[in-house]
Each structure stands twice: as structure tokens, then as C-alpha cells.
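Reader: I've got the sequence and the model open, and I'd like to go through them with you. Can we take it bit by bit?

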Amino acid sequence: MAKRAGKLARRYAAALLAAAKREGVASGAELRTLAQSVQRFAEHYSTDRQLQTALISPAFPREERERALAALCPAVGLSELATRALMLLFHRDRIAHLPE
């Protein structure tokens with residue numbers, strides 16, 4: 001299972017890198033900032049049980065969970081691109097894999 005999760009994480013990381021390059025985020029410093037912001041969110045997510053529950057629990061309607069994530073991302077300083085990447089993970093039911 002861990003091997004599969006690692007492949008999944010690499011696939012999404014590569015997609016985020018490709019999207020960043022398409023949007024003109026080309027410098028190493030900009031890419032590091034993007035990666036660090038997603039990593040900080042992932043670390044917070046991995047330690048915050050309430051956040052995990054709020055984003056993945058079927059006890060909350062999907063639309064509410066989506067709105068919560070959409071509001072949280074800019075509130076914690078994530079860029080538009082990082083926010084879109086996390087929203088993609090959410091829509092593909094992969095947000096729980098974020099810490100990987």
C-alpha cells in the first residue's frame with residue numbers, strides 16, 4: 001500500500017510542477033515556495049484530526065467540505081495554484097493522501 005501511495009504522491013507532484021511551469025512559475029525559488037506551502041498544509045492536515053474529519057467525513061455534505069477547503073487555503077496563505085492543486089485532490093477523493 002505504501003508503495004502505491006508513493007507513486008500516487010509522485011504523480012500529483014509531477015502534475016503540480018507541470019502546472020506551475022505552464023503558469024510561468026519557473027524560478028527555483030518560486031517552485032520551492034509553492035512546494036513548501038503545500039508541504040506546510042500537508043503537515044498541518046496530518047496532525048489536525050478536526051481538519052481531517054471536516055474534509056473527508058461523509059457526515060458532512062461534500063459541498064460543505066469543498067467550501068471549507070476553498071476558504072481555508074487562501075486563509076493560510078496558499079497561492080491560487082496551490083489551492084487549485086488541493087481542490088483537485090479533494091475532487092478526486094485523494095485529499096486523505098496529502099501527507100504522503
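Reader: Let's start with leucine 72: which residues is it in contact with, leaving aside its neighbours within four places in sequence?
Author: Contact here means heavy atoms within 4.5 Å. Once neighbours within four places in sequence are set aside, the partners of leucine 72 are Phe41 and Leu51.

Reader: Before we go on, what sort of model is this, and what pLDDT do local features need?
Author: Residues are numbered from 1 along each chain as its sequence is written, and side-chain values use heavy atoms, with hydrogens and water left out. This is a predicted model, where totals for chains, interfaces and linings use all residues, side-chain atom pairs count only at pLDDT 80 or more, and local features need pLDDT of at least 70.

Reader: And which helix has the highest confidence?
Author: The scale is pLDDT, the predictor's confidence in each residue, from 0 to 100. The protein averages 84, and 91% of the residues score at least 70. Confidence is lowest in helix α1 (residues 2–22), at a mean of 71, and highest, at 94, in helix α4 (residues 62–75).

Reader: Back to leucine 72, then. Is it buried, partly exposed or exposed?
Author: Leucine 72 sits in helix α4; helices are DSSP runs (H or I, at least four residues), numbered from the N terminus. Buried means under 20% relative accessible area, exposed over 50%, and partly exposed in between (1.4 Å probe, protein chains only). Leucine 72 has a relative accessible area of 26%, so the label is partly exposed.

Reader: How are α2 and α3 oriented to each other?
Author: Axes are lines fitted to C-alpha atoms, for helices over the stretch in contact, with angles from 0 to 180 degrees between N-to-C directions. Helix α2 (residues 28–47) and helix α3 (residues 49–56) have axes 5 Å apart and an angle of about 95°. Angles under 35 degrees count as roughly parallel, over 145 as roughly antiparallel, 65 to 115 as roughly perpendicular and the rest as oblique. So α2 and α3 are roughly perpendicular.

Reader: Which residues of α3 make that contact, and how many of the contact residues are charged?
Author: From α2 come Phe41, His44, Tyr45, Ser46 and Thr47, and from α3 Arg49, Leu51, Gln52, Leu55 and Ile56. Ala, Val, Leu, Ile, Met, Phe, Trp, Tyr, Cys and Pro count as nonpolar, Asp, Glu, Lys and Arg as charged, and the others, Gly among them, as polar. By class, the contact of α2 with α3 has 5 nonpolar, 4 polar and 1 charged.

Reader: What about α4 and α5: how do they run relative to each other?
Author: Their axes come within 10 Å and cross at roughly 160°. That angle makes α4 and α5 roughly antiparallel.

Reader: Which residues of α5 meet α4?
Author: On the α4 side the residues are Arg62, Arg65, Glu66, Leu69, Ala70, Cys73 and Pro74. They meet Thr83, Leu86, Met87, Phe90 and His91 in α5.

Reader: And how many residues of the contact of α4 with α5 are nonpolar?
Author: The classes also include 2 polar and 3 charged residues. The nonpolar count is 7.

Reader: How do α2 and α5 lie relative to each other?
Author: Their axes are 10 Å apart, at an angle of about 45°. That is why α2 and α5 count as oblique.

Reader: Which α5 residues does α2 meet, and how many in the contact are nonpolar?
Author: Leu34, Ser37, Val38 and Phe41 of α2 meet Leu81, Ala82 and Leu86 of α5. By class, the contact of α2 with α5 has no charged residues, 1 polar and 6 nonpolar.

Reader: Something odd: which sign does the phi of aspartate 93 have?
Author: Most residues other than glycine have a negative phi. Aspartate 93 is found in the segment after α5 (80–91), and its 54% relative accessibility counts as exposed. Although aspartate 93 is not a glycine, its phi is about 55°, that is, positive.

Reader: Last one: how far is threonine 53 from alanine 96 in space?
Author: Threonine 53 is in helix α3 and is partly exposed, at a relative accessible area of 40%. The two residues are 43 residues apart in sequence, and C-alpha to C-alpha they are separated in space by 9.8 Å.

Key
Helices (H or I, at least four residues) and strands (E, at least two) are DSSP runs, numbered from the N terminus.
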